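Subject: Structure handover

Hello,

Here is the structure we talked about. My notes on it follow below.

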Amino acid sequence: MAKRNMLQAINEALDTAMAADEKVMCFGEDVGGFGGVFRATSNLQEKFGKARCFNTPLVEQGIVGFANGLASQGSIAVAEIQFADYIFPAFDQIVNETAKFRYRSGNLFNVGGLTIRAPYGGGISGGHYHSQSPEAYFAHTPGLKVVIPRNPHQAKGLLLASIRDPDPVIFFEPKRLYRASSGEVPESDYELPLGEAEVTREGSDITLVAWGAQMEMAEKAADLADKEGISCEIIDLRTILPWDAETVAESVFKTGRLLVTHEAPLTGGFAGEIAATIQEHCFLYLESPISRVTGLDTPFPLTLEKEYMPDHLKIFEAIKASVNF
(Lines give C-alpha, C1' and ligand atoms only; values in the text may rest on other atoms or scores of the structure.)
Protein backbone atom coordinates (compact mmCIF):
# COMPACT_ATOMS: atom_id res chain seq x y z
CA MET A 1 0.00 0.00 0.00
CA ALA A 2 1.11 3.55 -0.67
CA LYS A 3 1.44 6.23 2.02
CA ARG A 4 -0.99 9.10 1.49
CA ASN A 5 -2.16 12.16 3.37
CA MET A 6 -5.89 12.83 3.57
CA LEU A 7 -5.94 15.24 0.63
CA GLN A 8 -4.14 12.76 -1.59
CA ALA A 9 -6.54 10.02 -0.51
CA ILE A 10 -9.56 12.18 -1.37
CA ASN A 11 -8.05 13.10 -4.73
CA GLU A 12 -7.39 9.42 -5.38
CA ALA A 13 -11.00 8.52 -4.50
CA LEU A 14 -12.32 11.14 -6.95
CA ASP A 15 -9.89 9.98 -9.63
CA THR A 16 -10.95 6.35 -9.07
CA ALA A 17 -14.66 7.16 -9.21
CA MET A 18 -14.32 9.26 -12.38
CA ALA A 19 -12.22 6.61 -14.11
CA ALA A 20 -14.69 3.87 -13.22
CA ASP A 21 -17.84 5.73 -14.31
CA GLU A 22 -18.02 8.44 -16.96
CA LYS A 23 -21.20 9.80 -15.34
CA VAL A 24 -19.18 11.11 -12.34
CA MET A 25 -18.64 14.89 -12.49
CA CYS A 26 -16.74 17.14 -10.05
CA PHE A 27 -17.41 20.86 -9.78
CA GLY A 28 -17.34 23.84 -7.45
CA GLU A 29 -15.52 27.11 -6.85
CA ASP A 30 -12.01 26.93 -8.40
CA VAL A 31 -12.30 23.14 -8.61
CA GLY A 32 -11.13 22.97 -12.25
CA GLY A 33 -7.58 23.94 -13.27
CA PHE A 34 -6.73 25.34 -9.82
CA GLY A 35 -7.69 22.08 -8.09
CA GLY A 36 -9.90 23.61 -5.41
CA VAL A 37 -8.97 25.79 -2.45
CA PHE A 38 -7.11 22.89 -0.79
CA ARG A 39 -6.12 21.16 -4.10
CA ALA A 40 -8.36 18.13 -3.45
CA THR A 41 -9.30 18.05 -7.16
CA SER A 42 -5.80 18.60 -8.54
CA ASN A 43 -5.21 17.22 -12.05
CA LEU A 44 -8.77 15.92 -12.45
CA GLN A 45 -9.68 18.48 -15.12
CA GLU A 46 -6.45 17.76 -16.98
CA LYS A 47 -7.19 14.02 -16.89
CA PHE A 48 -10.95 13.96 -17.48
CA GLY A 49 -11.60 17.22 -19.31
CA LYS A 50 -13.50 20.44 -18.66
CA ALA A 51 -16.87 18.77 -19.24
CA ARG A 52 -16.41 16.54 -16.17
CA CYS A 53 -14.36 18.73 -13.79
CA PHE A 54 -15.07 22.44 -13.89
CA ASN A 55 -15.40 25.73 -12.03
CA THR A 56 -18.72 27.20 -10.97
CA PRO A 57 -19.63 30.78 -9.99
CA LEU A 58 -19.27 31.76 -6.32
CA VAL A 59 -22.90 30.83 -5.54
CA GLU A 60 -23.33 27.93 -3.14
CA GLN A 61 -27.10 27.80 -3.58
CA GLY A 62 -26.52 27.65 -7.33
CA ILE A 63 -23.89 24.90 -6.98
CA VAL A 64 -26.23 22.61 -5.07
CA GLY A 65 -29.25 23.52 -7.19
CA PHE A 66 -27.23 22.68 -10.30
CA ALA A 67 -26.07 19.45 -8.63
CA ASN A 68 -29.67 18.50 -7.88
CA GLY A 69 -30.57 18.98 -11.53
CA LEU A 70 -27.61 16.95 -12.74
CA ALA A 71 -28.28 14.11 -10.32
CA SER A 72 -32.00 14.02 -11.11
CA GLN A 73 -31.10 13.50 -14.78
CA GLY A 74 -28.83 10.54 -14.01
CA SER A 75 -25.40 12.11 -13.58
CA ILE A 76 -23.31 11.35 -10.50
CA ALA A 77 -22.58 14.82 -9.19
CA VAL A 78 -19.79 15.55 -6.70
CA ALA A 79 -20.08 19.17 -5.62
CA GLU A 80 -17.45 20.94 -3.51
CA ILE A 81 -18.30 23.71 -1.06
CA GLN A 82 -15.04 25.57 -0.30
CA PHE A 83 -15.59 25.66 3.48
CA ALA A 84 -18.43 24.05 5.43
CA ASP A 85 -19.11 27.52 6.85
CA TYR A 86 -20.23 28.54 3.35
CA ILE A 87 -22.77 25.73 3.03
CA PHE A 88 -25.57 27.74 4.61
CA PRO A 89 -26.52 29.72 1.47
CA ALA A 90 -27.23 26.26 -0.01
CA PHE A 91 -29.18 25.10 3.07
CA ASP A 92 -32.58 25.45 1.41
CA GLN A 93 -31.50 23.47 -1.65
CA ILE A 94 -30.04 20.70 0.54
CA VAL A 95 -32.75 20.25 3.18
CA ASN A 96 -35.80 21.07 1.03
CA GLU A 97 -34.76 19.74 -2.38
CA THR A 98 -31.85 17.28 -2.12
CA ALA A 99 -33.16 15.51 0.96
CA LYS A 100 -36.82 15.31 -0.15
CA PHE A 101 -36.55 14.79 -3.92
CA ARG A 102 -37.39 11.08 -3.80
CA TYR A 103 -40.05 11.45 -1.09
CA ARG A 104 -42.04 14.27 -2.67
CA SER A 105 -41.99 12.67 -6.12
CA GLY A 106 -43.36 9.38 -4.80
CA ASN A 107 -40.11 7.69 -5.84
CA LEU A 108 -40.51 8.82 -9.45
CA PHE A 109 -37.30 10.88 -9.25
CA ASN A 110 -34.30 11.02 -6.95
CA VAL A 111 -30.94 12.72 -6.55
CA GLY A 112 -29.22 9.71 -5.01
CA GLY A 113 -26.18 10.23 -7.18
CA LEU A 114 -25.22 13.44 -5.39
CA THR A 115 -22.34 13.92 -2.96
CA ILE A 116 -21.57 17.31 -1.43
CA ARG A 117 -17.98 17.61 -0.14
CA ALA A 118 -17.08 20.32 2.36
CA PRO A 119 -13.96 20.93 4.51
CA TYR A 120 -15.08 21.50 8.10
CA GLY A 121 -13.82 22.08 11.63
CA GLY A 122 -11.30 24.22 13.52
CA GLY A 123 -7.72 23.94 14.64
CA ILE A 124 -6.21 25.96 11.78
CA SER A 125 -6.61 29.47 13.28
CA GLY A 126 -9.13 30.21 10.56
CA GLY A 127 -11.51 32.13 12.80
CA HIS A 128 -15.12 32.72 11.93
CA TYR A 129 -16.31 31.46 8.48
CA HIS A 130 -13.46 28.93 8.26
CA SER A 131 -13.82 26.73 11.36
CA GLN A 132 -17.38 25.66 12.08
CA SER A 133 -18.76 22.12 12.42
CA PRO A 134 -22.31 22.14 11.02
CA GLU A 135 -23.06 18.39 10.96
CA ALA A 136 -25.93 18.62 13.46
CA TYR A 137 -27.96 20.94 11.17
CA PHE A 138 -28.05 18.26 8.47
CA ALA A 139 -28.46 15.33 10.86
CA HIS A 140 -31.89 16.85 11.59
CA THR A 141 -33.01 16.23 8.01
CA PRO A 142 -34.32 12.80 6.95
CA GLY A 143 -33.27 11.87 3.44
CA LEU A 144 -29.61 12.78 3.79
CA LYS A 145 -26.56 10.82 4.84
CA VAL A 146 -23.81 12.67 6.71
CA VAL A 147 -20.32 11.14 6.67
CA ILE A 148 -17.05 12.26 8.31
CA PRO A 149 -13.70 10.40 7.93
CA ARG A 150 -10.85 10.46 10.48
CA ASN A 151 -7.80 9.50 8.36
CA PRO A 152 -6.71 8.94 4.72
CA HIS A 153 -7.75 5.27 4.60
CA GLN A 154 -11.21 6.15 5.86
CA ALA A 155 -11.43 9.17 3.58
CA LYS A 156 -10.88 7.21 0.36
CA GLY A 157 -13.09 4.26 1.28
CA LEU A 158 -15.94 6.33 2.70
CA LEU A 159 -15.87 8.87 -0.15
CA LEU A 160 -16.06 6.13 -2.79
CA ALA A 161 -18.96 4.57 -0.89
CA SER A 162 -20.66 7.97 -0.65
CA ILE A 163 -20.33 8.69 -4.37
CA ARG A 164 -21.88 5.29 -5.19
CA ASP A 165 -24.56 5.37 -2.49
CA PRO A 166 -28.20 5.46 -3.66
CA ASP A 167 -28.92 8.36 -1.27
CA PRO A 168 -27.54 11.92 -1.32
CA VAL A 169 -24.53 12.30 1.00
CA ILE A 170 -22.88 15.26 2.70
CA PHE A 171 -19.22 14.42 3.15
CA PHE A 172 -17.51 16.63 5.73
CA GLU A 173 -13.70 16.54 5.56
CA PRO A 174 -11.71 17.57 8.68
CA LYS A 175 -9.42 20.11 7.06
CA ARG A 176 -7.04 20.24 10.05
CA LEU A 177 -6.07 16.70 9.05
CA TYR A 178 -5.76 17.31 5.29
CA ARG A 179 -1.97 17.29 5.43
CA ALA A 180 -1.44 16.42 9.10
CA SER A 181 -2.90 12.91 8.86
CA SER A 182 -1.06 10.34 6.75
CA GLY A 183 -1.05 6.58 6.51
CA GLU A 184 -1.21 3.60 4.23
CA VAL A 185 -4.00 3.66 1.68
CA PRO A 186 -4.77 0.83 -0.78
CA GLU A 187 -4.22 1.90 -4.36
CA SER A 188 -7.11 -0.34 -5.38
CA ASP A 189 -10.77 0.63 -5.62
CA TYR A 190 -12.41 -0.08 -2.23
CA GLU A 191 -15.38 1.10 -0.17
CA LEU A 192 -16.08 1.30 3.56
CA PRO A 193 -19.65 0.82 4.81
CA LEU A 194 -21.81 3.86 5.54
CA GLY A 195 -23.89 3.82 8.71
CA GLU A 196 -21.47 1.56 10.59
CA ALA A 197 -19.33 2.83 13.46
CA GLU A 198 -15.88 1.38 14.13
CA VAL A 199 -14.49 0.39 17.53
CA THR A 200 -10.91 1.63 17.23
CA ARG A 201 -9.81 0.71 20.78
CA GLU A 202 -11.36 -1.80 23.16
CA GLY A 203 -11.69 -0.93 26.86
CA SER A 204 -13.73 -1.72 29.95
CA ASP A 205 -14.28 1.44 32.08
CA ILE A 206 -15.80 4.07 29.76
CA THR A 207 -16.89 4.45 26.12
CA LEU A 208 -15.61 7.47 24.18
CA VAL A 209 -17.51 8.40 21.00
CA ALA A 210 -16.11 10.88 18.49
CA TRP A 211 -15.76 11.51 14.74
CA GLY A 212 -13.43 13.31 12.35
CA ALA A 213 -10.53 15.26 13.83
CA GLN A 214 -11.93 14.82 17.33
CA MET A 215 -10.93 11.16 17.20
CA GLU A 216 -7.31 12.24 17.67
CA MET A 217 -8.30 14.09 20.87
CA ALA A 218 -10.18 11.06 22.18
CA GLU A 219 -7.17 8.82 21.57
CA LYS A 220 -4.79 11.23 23.36
CA ALA A 221 -7.17 11.45 26.30
CA ALA A 222 -7.46 7.66 26.43
CA ASP A 223 -3.66 7.42 26.57
CA LEU A 224 -3.63 9.78 29.58
CA ALA A 225 -6.43 7.81 31.23
CA ASP A 226 -4.58 4.57 30.68
CA LYS A 227 -1.70 5.92 32.80
CA GLU A 228 -4.25 6.44 35.59
CA GLY A 229 -5.46 2.86 35.26
CA ILE A 230 -8.66 3.79 33.38
CA SER A 231 -9.48 1.63 30.37
CA CYS A 232 -11.26 3.51 27.55
CA GLU A 233 -13.16 2.01 24.63
CA ILE A 234 -13.13 4.36 21.62
CA ILE A 235 -15.74 4.41 18.85
CA ASP A 236 -15.46 6.38 15.62
CA LEU A 237 -19.04 7.06 14.54
CA ARG A 238 -17.94 7.73 10.89
CA THR A 239 -21.55 8.28 9.77
CA ILE A 240 -23.57 10.89 11.67
CA LEU A 241 -26.79 10.14 9.79
CA PRO A 242 -27.81 7.36 10.00
CA TRP A 243 -25.69 6.72 13.10
CA ASP A 244 -24.84 3.30 14.49
CA ALA A 245 -26.69 3.31 17.83
CA GLU A 246 -26.37 -0.46 18.20
CA THR A 247 -22.56 -0.45 18.33
CA VAL A 248 -22.52 2.41 20.85
CA ALA A 249 -25.15 0.74 23.04
CA GLU A 250 -23.30 -2.58 23.02
CA SER A 251 -20.18 -0.79 24.22
CA VAL A 252 -22.03 1.07 26.98
CA PHE A 253 -23.61 -2.21 28.17
CA LYS A 254 -20.02 -3.32 28.77
CA THR A 255 -18.42 -0.16 30.19
CA GLY A 256 -21.40 1.46 31.96
CA ARG A 257 -20.21 4.96 31.04
CA LEU A 258 -20.35 7.17 27.94
CA LEU A 259 -18.58 10.36 26.89
CA VAL A 260 -19.28 12.01 23.52
CA THR A 261 -17.04 14.72 22.12
CA HIS A 262 -17.42 17.00 19.09
CA GLU A 263 -16.19 20.41 17.96
CA ALA A 264 -19.62 21.91 17.39
CA PRO A 265 -21.25 23.90 20.23
CA LEU A 266 -22.91 22.00 23.08
CA THR A 267 -26.49 23.19 22.61
CA GLY A 268 -28.18 21.27 19.83
CA GLY A 269 -24.99 19.35 19.06
CA PHE A 270 -25.26 15.74 17.91
CA ALA A 271 -23.92 14.51 21.25
CA GLY A 272 -27.32 15.36 22.72
CA GLU A 273 -29.04 12.96 20.31
CA ILE A 274 -26.58 10.20 21.15
CA ALA A 275 -26.98 10.80 24.89
CA ALA A 276 -30.79 10.66 24.71
CA THR A 277 -30.81 7.45 22.66
CA ILE A 278 -28.24 5.64 24.79
CA GLN A 279 -29.95 6.75 27.98
CA GLU A 280 -33.17 5.23 26.66
CA HIS A 281 -31.54 1.89 25.80
CA CYS A 282 -28.91 1.59 28.55
CA PHE A 283 -30.38 3.46 31.55
CA LEU A 284 -30.16 0.55 33.99
CA TYR A 285 -26.56 -0.13 32.99
CA LEU A 286 -25.21 3.41 33.41
CA GLU A 287 -22.81 3.98 36.31
CA SER A 288 -22.65 7.77 35.82
CA PRO A 289 -24.35 10.56 33.80
CA ILE A 290 -23.48 10.66 30.09
CA SER A 291 -20.81 13.33 29.49
CA ARG A 292 -20.45 15.76 26.61
CA VAL A 293 -17.16 17.54 25.83
CA THR A 294 -17.80 19.98 23.00
CA GLY A 295 -17.09 23.39 21.57
CA LEU A 296 -18.50 26.38 23.43
CA ASP A 297 -21.88 28.02 22.90
CA THR A 298 -20.28 31.03 21.23
CA PRO A 299 -19.47 32.07 17.66
CA PHE A 300 -16.21 30.37 16.66
CA PRO A 301 -13.42 32.67 17.92
CA LEU A 302 -10.04 33.52 16.41
CA THR A 303 -7.62 34.43 19.21
CA LEU A 304 -9.40 32.20 21.75
CA GLU A 305 -9.58 29.12 19.53
CA LYS A 306 -7.65 26.95 21.99
CA GLU A 307 -10.09 27.82 24.74
CA TYR A 308 -13.02 27.00 22.46
CA MET A 309 -11.76 23.65 21.20
CA PRO A 310 -12.56 20.43 23.14
CA ASP A 311 -8.99 19.16 23.48
CA HIS A 312 -7.60 15.99 25.02
CA LEU A 313 -7.10 17.59 28.42
CA LYS A 314 -10.78 18.58 28.69
CA ILE A 315 -11.76 15.06 27.66
CA PHE A 316 -9.34 13.55 30.19
CA GLU A 317 -10.85 15.61 33.01
CA ALA A 318 -14.35 14.50 31.95
CA ILE A 319 -13.24 10.86 31.88
CA LYS A 320 -11.98 11.10 35.45
CA ALA A 321 -15.16 12.85 36.61
CA SER A 322 -17.28 10.13 35.04
CA VAL A 323 -15.26 7.25 36.46
CA ASN A 324 -15.15 8.82 39.93
CA PHE A 325 -18.82 9.85 39.96
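Helices in these notes are DSSP runs of H or I with at least four residues, and they are numbered from the N terminus. The model is a predicted one. In that numbering, α9 is followed by Gly256, which has a positive phi near 80°.

Helix α9 and the surface beside it

Helix α9 covers residues 245-255 and contains Phe253. Its buried residues are Thr247, Val248, Ala249, Ser251, Val252 and Thr255. Phe253 is not in that list: its relative accessibility is 37%, so Phe253 counts as partly exposed, the class between 20% and 50%. The cover over the buried residues of α9 includes four strands, β9 (198-201), β10 (206-210), β11 (232-236) and β13 (258-265), together with helix α10 (270-282).

Phe253 also belongs to a nonpolar patch on the surface, in which the other members are Phe283, Leu284 and Tyr285. Together these four residues have about 490 Å² of accessible area.

The two domains

The domain assignment of the protein gives domain 1 as 2-185 and domain 2 as 198-324. Taken over C-alpha atoms, the centres of the two domains are 27 Å apart. On the domain 1 side 28 residues are in contact with domain 2, where 25 residues take part. About 2,000 Å² is buried between the domains, and 56% of this area is on carbon and sulfur atoms. Within the area that domain 1 buries against domain 2, Ile148, Arg150 and Arg176 supply 26%, more than any other three residues.

Three salt bridges are counted between domain 1 and domain 2. Two of the three residues just named also have salt-bridge partners, as follows. Arg150 pairs with Asp236 through their side chains, at 2.7 Å from N to O. Arg176 pairs with Glu216, and the closest N and O atoms there are 3.1 Å apart. Arg176 is in the loop between β7 and β8 while Glu216 is in helix α8 (residues 214-227), so this salt bridge ties together parts that are 40 residues apart in sequence. Glu216 is partly exposed, with a relative accessible area of 29%.

Other salt bridges

The count for the structure comes to 19 salt bridges. One of them joins the side chains of Asp167 and Lys145, at 3.4 Å from N to O. Asp167 sits in the loop between α7 (152-163) and β7 (169-174), and Lys145 in strand β6 (residues 145-147), so the pair connects parts of the chain that are 22 residues apart. Is Lys145 buried or exposed? Lys145 is buried, at a relative accessible area of 17%.

Another salt bridge is formed by the side chains of Glu191 and Arg164, with 3.1 Å from N to O. This pair links distant parts of the chain, 27 residues apart: Glu191 is in the loop between β8 (182-185) and β9, and Arg164 is in the loop between α7 and β7. Glu191 is partly exposed at 44% relative accessibility, and Arg164 is partly exposed at 34%.

Two buried positions

Val24 is found in strand β2, residues 24-28. Its relative accessible area is 2%, so Val24 counts as buried. Which residues does Val24 contact, leaving aside its neighbours within four places in sequence? They are Ala17, Met18, Arg52, Ile76, Val78 and Ile163. The C-alpha atoms of Val24 and Ala71 are separated by 9.8 Å, and these residues are 47 apart along the chain.

Ser133 lies in a loop, the one between β5 (114-120) and α6 (135-139). At 10% relative accessibility, Ser133 is under the 20% limit and therefore counts as buried. With neighbours within four places in sequence left aside, the contacts of Ser133 are Tyr120, Gly121, Glu263 and Ala264. Of these, Glu263 and Ala264 fall in β13 (258-265), one of the elements that cover the buried residues of α9.

Regards

Methods:
Residues numbered from 1 in each chain as written. Predicted model: local features only at pLDDT ≥ 70, side-chain atom pairs only at ≥ 80, totals over all residues. Heavy atoms only, no water. Patch = residues over 30% accessible without salt bridge, like charges linked within 9 Å, V, L, I, M, F, W, Y side chains within 5 Å. Areas by Shrake-Rupley, 256 points an atom, 1.4 Å probe, with all protein chains shown as cover. Buried < 20%, exposed > 50% of the residue type's maximum accessible area, 1.4 Å probe, protein only. Contact = heavy atoms within 4.5 Å. Domains from an automatic or database assignment. Buried area = accessible area lost by both parts, 1.4 Å probe.
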